[in-house]
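Reader: I would like to go through this model term by term. Please tell me what stands behind each label.

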Amino acid sequence: MIQTNDVTYALCDVNSFYVACERLFRPDLRNKPVVVLSNNDGCAIAMCDVSKSLGIKIGTPYFQIKHLIKQYDIEWFSSNYGLYGDISQRFNWVLQQFTDKVAPYSVDESFLIFQGIADNLETHCQRLKQTVWDWLSLPICIGLGPTKTLAKVANHYAKKHKQSTNGVVDLRNQTHRQWALERLAVEDIWGVGRRLSQKLKLQGIHTAWDLHNCDYKTLQRMFSVNMERTILELRGQPCFAFSEQPEPKQSILNSRSFGNPISSKQDLKEALAYHTTRCCEKLRKQSSLANSIQFFLRTRHGDHPSATLSLTEPSDDTSLFLSAIEQGLNRVYDSSEVYKKAGVMLFGLEPSKGYQSDIFNQTQQRPELMQSLDSINAKYGKDAIKFGSLGFDKRWAMRANARSPHYTTQWTDIIRLK
């Protein structure tokens, strides 16, 4: 094999990821129209090409497409984020068999770096694509380019022209790159978006090729340094860092609307305890501590009662935050009000590694207990062991009238063969 020092970025993207996950254990759905709904079965957030051809668009409320679902016998599902997250991890594991540099970008997208392969990288990517299909039954498209932005552009065309490209597009060639950028609207460039594109169009910049040819210093002064980096990336000069580990979040939020409005203080306490538990799990996963917690509620009248509470020192102990939440709820709860939503946010984050506790502080830190709690739940399923504050009835839980089983994350949902 010929060796080279040239670096090529790739973006691997699963087509209609949520739908693909639902079809994974339901081969009877392979050629049927499928739609996945958002929290509380509110609106369509994912669909296959067949469903799109029937006139269903992303973000359309369920009640507006109910007649289409019945008319065309469309299979619809409530969101199953536990399943999607687990399949996403398996997807990235397969990618790691083809390169040791994989950086997940979202639940269904990952950036890769290929280096040292000069003889037909497209063939290498076709093997990767086929392996993902053989092992996980996930259809993917791959875009190749000398920068992350160009890899994104290539992936856009790979998805748009699946049949003619066989799902792989390479924009390392300057001629191919110009052809693609001349036909790409400026709002479709990674990181530009609708609002910024409107300002660019006022400057006579309508396509990615127009932006490619601009004076990047002028636009940097008009907009931001990210605009300069985007232009340089379109020209083939890498400017955006490739990080295999995501940057630690500066705050952690978890919130959901209730499946049914509630007024009971106990129900609110359980809902807030649930969100607090999820936030603390994310906190420990990124090896951070938090010194403050904030919760908010939403009433049927649109009011947003909230409370912010601080710990005496940063911690990742779920029980400390649960105690703080209970104190705050006692202050803001109104028994005459009806509540529709709750959320919790942790902030004041700092790395747990190397943190020195205050020897005069009496707060009890229990890292071993939290580690055991996370390990047990990772092995036996979410909330296999939990704090009593979370309760059992979950009258506040979201509507999920058509959620598929947790095939890969709960023992009780594992498929049984006769």
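Author: This is a predicted model. The largest nonpolar core has 35 residues, and the members that touch the most others are Phe91, Leu128, Leu138 and Ile142. Two or more core residues come from each of these elements: strands S1 (7–14), S2 (34–37), S6 (109–115) and S7 (140–145), and helices H1 (17–24), H4 (81–95) and H5 (121–136). H4 gives the largest share, 6 residues.

Reader: What is Phe91 in contact with, leaving aside its neighbours within four places in sequence?

Author: Phe91 contacts Cys12, Val14, Asp108, Ser110, Val132, Leu136, Leu138 and Ile140. Contact here requires heavy atoms within 4.5 Å. A second, separate core has 27 residues, among them Ile252, Ala271, Phe321 and Leu329.

Reader: How do you know how many disulfides the whole structure has?

Author: A search of the whole structure finds 0 disulfides. Take Cys43: the nearest cysteine sulfur belongs to Cys48 and is 17 Å away. A disulfide needs two cysteine sulfur atoms within 2.5 Å, so a sulfur at 17 Å does not qualify.

Reader: Why is Cys43 called partly exposed?

Author: Cys43 has 22% relative accessibility. Buried means under 20% and exposed means over 50%, so 22% falls in between and Cys43 counts as partly exposed.

Reader: And what is the nearest cysteine sulfur to Cys48?

Author: For Cys48 the nearest cysteine sulfur is that of Cys21, 14 Å away. The cut-off is 2.5 Å, so Cys48 is in no disulfide either.

Reader: Is Cys48 buried or exposed, and why?

Author: The relative accessible area of Cys48 is 3%. Buried means under 20%, therefore Cys48 is buried.

Reader: What makes up the lining of the second largest pocket?

Author: This pocket has a volume of about 890 Å³. It is lined by 34 residues, and those closest to its centre are Asn15, Ser16, Asp49, Pro139 and Lys162. At least two lining residues each come from H1, strand S3 (44–47), helix H2 (49–53), H5, S7 and helix H7 (162–165). H1 gives the most, with 6 residues. By class, the lining has 17 nonpolar, 9 polar and 8 charged residues.

Reader: Why is Lys217 called partly exposed?

Author: Lys217 has 41% relative accessibility. The exposed class begins over 50% and the buried class is under 20%, so at 41% Lys217 is partly exposed. Lys217 lies in helix H11, residues 216–222. The C-alpha atom of Lys217 is 9.8 Å from that of Ile231, which is 14 residues away along the chain.

Reader: How many cavities of 30 Å³ or more does the structure hold?

Author: There are 2 such cavities. The largest has about 50 Å³ of space, and the second largest has a volume of about 40 Å³. What makes each of them a cavity is that a 1.4 Å probe fits inside but cannot get out.

Reader: Which residues line the largest cavity?

Author: They are Thr277, Arg278, Glu281, Arg284, Thr318, Leu373, Asn377, Asp383, Ile385, Lys386 and Phe387. Helix H13 (265–285) and helix H15 (367–380) each supply at least two of the lining residues, and H13 has the largest share, 4 residues. The lining divides into 3 nonpolar, 3 polar and 5 charged residues.

Reader: What classes of residue line the second largest cavity?

Author: Its lining has 3 nonpolar, 5 polar and 3 charged residues. Among them are Ser38, Asn39, Asp41, Tyr81, Met398 and Arg403.

Definitions and conventions:
Residues numbered from 1 in each chain as written. Predicted model: local features only at pLDDT ≥ 70, side-chain atom pairs only at ≥ 80, totals over all residues. Heavy atoms only, no water. Core = buried A, V, L, I, M, F, W, Y, C linked by side-chain atoms within 4.5 Å. Buried < 20%, exposed > 50% of the residue type's maximum accessible area, 1.4 Å probe, protein only. 1 Å grid on protein atoms, 1.4 Å probe; cavity = no way out; pocket = protein on both sides within 12 Å on 5 of 7 lines; lining within 4 Å. Points joined across faces, edges and corners; volume = space filled by probe spheres on them. Nonpolar A, V, L, I, M, F, W, Y, C, P; charged D, E, K, R; others polar.
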